[in-house]
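User: I would like to learn how to read charged pairs and domain contacts in a structural model. Could you take me through them one feature at a time?

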Amino acid sequence: MTRTFRVDRLHAQLISKSTLFKVLNFLDGQTPETPFLLMDKEKVREKASFIGRGIRNSSVFYALKANPDAEVARLAHQLGLGFEIASEGELEILARIGVPPHRIISSNPVKSLKFLRMAYEYGVSLFAFDSREEVDKMARYAPGSSVYVRLAVPNEGSEWPLSRKFGVELQEALELLLFASQKGLTPVGITFHVGSQCTNLYNWSIALDKAKRLWDAAAERGLNLSLLNIGGGYPVNYTKAVLEIDTIEQNINRLICEKFPDSVQIHLEPGRAVVGDAGILVSSVIGKARRGDDDWLYIDVGVFNGLMETLGGIRYTYLVEGSNAPKKPWTLAGPSCDSFDVIDENVLLEEPEVGNLLLILSGGAYTISYASEFNGFSIPATILI
Ligand SMILES: *Cc1c(COP(=O)(O)O)cnc(C)c1O
């Protein structure tokens, strides 16, 4: 079957032509039952080799929560990435594909005992923390580990803020590093997270400034740190073209070279940027209705089985199959019977027929990892192409 999609300038600007071409080709052949997520391996490879390239002395640890599909993890492993994980479930995925412990770190500042024990036993020895309780836990269940403290930094300009739950201010961070040392742990460095989908270059500047002040304060107290973990946060294109990764990295690298010793080791933990724009979610239109003054379009993927981030304000760009009708605004809703299951409003789309496909661009990150089978609707299968 040949399917037609009207790709316009916006689509072409947001997503790489080769990814789109590959997906459309795939859909021209046999189409599995929707919903499913197509991941462009070549795009993941490109991102994996690109990220970190602009930063001196850096290693990349893919934040597995962005997309923990086993084949995606295997690909990331083959591409030489390390992993940042938070739970026993994530560790199991990596153990199954044979990722060695020195390629794994955990920047979750509050780890479950079960995970901490399992990670230690596996040989993981690099952990974040931001409380005395966590130091006690690590001293007991992961003795001798190397640890880095999480600083609170501004998350303004990030579409998915991560600051309130974790991170401490300078003075407390310093005391925690000293306390970790007293408890027999090895304090090695500092981490922060500027917030996910961060489009504000300034966030990294402020964070690096703050980290530098802590670095110097620690040196004055006799702690010679060696590691700066700059978290994740690199953005991908959803509804507009965002800050480019090499622009972000040039800025970060310049500041690191200015402020930190030449020997500082940099860790990056990108999640969204590794997989987000490599993925396209494929859904089907399952219904249409006119309610009051609004046109509603129902599709078989919604906030519970893949599009959870829309509840926090992430908006996607869509591509609908086969119509030459003029565009009009739609309220886009998922398949479940819950009224939270509304994906987006005022989405300009040509009118599709029930049964037509609707593609959700940049759907590779934080979609299937959040998905549940609420109300019996299936979690999209992931297919690498
Ligand atoms: C989620 C998370 C990341 C990945 O963030 P992105 O914005 O997806 O790059 C990195 N580090 C930590 C500690 C996280 O919790």
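**Charged pairs and the domain interface**

Analyst: Glu-46 has a relative accessible area of 42% and is therefore partly exposed. The model is a predicted one, and the values discussed here are computed from it.

User: Which residue forms a salt bridge with Glu-46, and how far apart are the closest N and O atoms?

Analyst: Side chains of opposite charge can pair when their charged atoms come close. Here Glu-46 pairs with Lys-43, and the closest N and O atoms are 3.1 Å apart. Both residues belong to helix 3, where they sit three residues apart, about one turn of the helix. The two partners should be read separately for accessibility, because Lys-43, with a relative accessible area of 11%, is buried, whereas Glu-46 at 42% is partly exposed.

User: Which other side chains of helix 3 lie three residues apart, and how does their pairing read?

Analyst: In helix 3, which covers residues 41–50, Arg-45 and Glu-42 are again three residues apart, about one turn of the helix, and their side chains meet in a salt bridge with an N to O distance of 2.8 Å. Arg-45 counts as partly exposed at 34% relative accessibility, and Glu-42 counts as partly exposed at 42%.

User: Which parts of the chain does the pair of Glu-351 and Lys-288 tie together?

Analyst: The position of each partner in the secondary structure is the place to begin. Glu-351 and Lys-288 form a salt bridge whose closest N and O atoms are 3.0 Å apart. Glu-351 lies in the loop between strand 16 (342–350) and strand 17 (357–360), while Lys-288 lies in strand 12 (residues 279–291), so the pair ties together parts that are 63 residues apart in sequence. Glu-351 is partly exposed at 29% relative accessibility, and Lys-288 is partly exposed at 32%. The pair also belongs to a network of salt bridges that links Lys-288, Arg-290, Asp-295, Lys-328 and Glu-351. For the structure as a whole, the count comes to 22 salt bridges.

User: How is the chain divided into domains, and how many salt bridges does the rule find across their interface?

Analyst: A domain may be assembled from separate stretches of sequence, and the assignment should be read with that in mind. In this chain, domain 1 comprises 9–39 + 277–384 and domain 2 comprises 52–269, with their C-alpha centres 33 Å apart. The contact involves 23 residues of domain 1 and 18 residues of domain 2, and the two domains bury about 1,700 Å² between them, 60% of it on carbon and sulfur atoms. Zero salt bridges are found across the interface of domain 1 and domain 2, but seven residue pairs are in polar contact between these domains.

User: Which elements supply the side of domain 1 that touches domain 2?

Analyst: Helix 1 (9–14), strand 1 (36–39) and strand 18 (381–384) each supply at least two residues of that side, and helix 1 gives the largest share, three residues. By residue class, the side of domain 1 that touches domain 2 divides into 12 nonpolar, eight polar and three charged residues.

User: Where does Phe-304 lie, and which residues does it touch?

Analyst: For a loop residue, the location and the contacts are best read together. Phe-304 lies in the loop between strand 13 (294–299) and strand 14 (318–320) and is partly exposed, with a relative accessible area of 22%. Leaving aside residues up to four places away in sequence, Phe-304 touches Ser-336, Asp-338, Phe-340, Asp-341, Tyr-370, Ala-371, Ser-372 and Phe-374.

Methods: Residues numbered from 1 in each chain as written. Predicted model: local features only at pLDDT ≥ 70, side-chain atom pairs only at ≥ 80, totals over all residues. Heavy atoms only, no water. Domains from an automatic or database assignment. Contact = heavy atoms within 4.5 Å. Buried area = accessible area lost by both parts, 1.4 Å probe. Salt bridge = Lys/Arg side-chain N within 4 Å of Asp/Glu carboxyl O. Polar contact = N/O pair within 3.5 Å; in protein donor to acceptor, adjacent residues only side chain to side chain. Helix = DSSP H or I, 4+ residues; strand = E, 2+ residues; numbered from the N terminus. Nonpolar A, V, L, I, M, F, W, Y, C, P; charged D, E, K, R; others polar. Buried < 20%, exposed > 50% of the residue type's maximum accessible area, 1.4 Å probe, protein only.
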